[in-house]
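Subject: Model for your files

Dear colleague,

Here is the model I said I would pass on. My notes follow below it.

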Amino acid sequence: MKTQESSENYLEAILMLGKNDDPVRAVDIAKLLDFSKPSVSIALKALRENGFITVNAGGLISLTETGRKIAESVYERHTLLHNWLIMLGVSEETALHDACHMEHGMSEESYLALKRYIEECS
């Protein structure tokens with residue numbers, strides 16, 4: 001499923017915040033991504049309308065099965081790219097920044113080829 005980079009960032013943030021079954025609220029997402037609460041509310045509405053998240057009566061946010069698949073895919077890309085850049089000697093800060101950009105702009109074919117290469121060399 002094709003999603004926009006901003007949607008992927010929100011889904012990844014929800015996945016990361018809820019990793020240990022912690023409740024996820026809009027304010028947590030705003031804090032993590034350093035966005036305003038109104039901006040987060042607008043994005044969450046779109047994610048909910050597109051079937052990527054659910055929000056219960058108490059305001060707790062959960063990923064749907066579709067949202068979770070996208071979030072896990074983005075997180076896997078981010079982790080692989082971040083770790084690879086660190087192995088190449090890139091600083092932590094730069095690796096985090098660059099991995100975030102690379103994870104969205106790379107074709108599936110290129111990502112899989114890079115993943116195979118990294119796994120073969122490890």
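Which exposed residues does the face of H3 turned away from its buried side carry? They are Pro38, Ile42 and Glu49. Please keep in mind that this is a predicted model.

Helix H3

The buried residues of H3 are Val40, Ala43, Leu44 and Leu47. They lie on the same side of the helix, because the arc they cover around the axis is only 100°. In an α-helix there are 3.6 residues a turn, so residues three or four places apart point the same way. The buried residues of H3 pack against two helices, H1 (5–17) and H2 (26–33), and against strands S1 (53–55) and S2 (61–63).

The length of H3 is as expected: its 13 residues, 37–49, should span 18 Å at 1.5 Å a residue, and the end C-alpha atoms are 18 Å apart. After H3 comes Gly51, with a positive phi near 80°.

Thr64

Gly51 turns up again among the contacts of Thr64, along with Phe52, Ile53 and Thr54, when neighbours within four places in sequence are left aside. Thr64 sits in the loop between S2 and helix H4 (65–87). With a relative accessible area of 18%, Thr64 falls under the 20% cut-off and is therefore buried. Its side chain reaches into H4, at 3.1 Å from the backbone nitrogen of Gly67.

Helix H4

Gly67 is also one of the buried residues of H4, a list that includes Arg77, His78 and His82 as well as Ile70, Val74 and Leu81. The partners against which the buried residues of H4 pack are H1, S2, helix H5 (92–105) and helix H6 (108–121). For the 23 residues of H4 the expected span is 33 Å at 1.5 Å a residue, and the distance between the end C-alpha atoms, 33 Å, agrees. Gly89, just after H4, has a positive phi of about 100°.

Nonpolar cores

The largest nonpolar core has 18 residues, and Leu11, Ile14, Ile29, Leu44 and Ile53 have the most contacts inside it. At least two residues of this core come from each of H1, H2, H3, S2 and H4. A second core, separate from that one, has 8 residues, among them Leu81, Leu85, Ala95 and Leu114. Leu81 and Leu85 are buried residues of H4.

As for Ile14, its contacts beyond four places in sequence are Val24, Ile29, Leu44, Ile53, Ile61 and Leu63.

Regards

Methods: Residues numbered from 1 in each chain as written. Predicted model: local features only at pLDDT ≥ 70, side-chain atom pairs only at ≥ 80, totals over all residues. Heavy atoms only, no water. Helix = DSSP H or I, 4+ residues; strand = E, 2+ residues; numbered from the N terminus. Expected span 1.5 Å × (residues − 1). Buried < 20%, exposed > 50% of the residue type's maximum accessible area, 1.4 Å probe, protein only. Arc of directions from axis to C-beta. Contact = heavy atoms within 4.5 Å. Polar contact = N/O pair within 3.5 Å; in protein donor to acceptor, adjacent residues only side chain to side chain. Core = buried A, V, L, I, M, F, W, Y, C linked by side-chain atoms within 4.5 Å.
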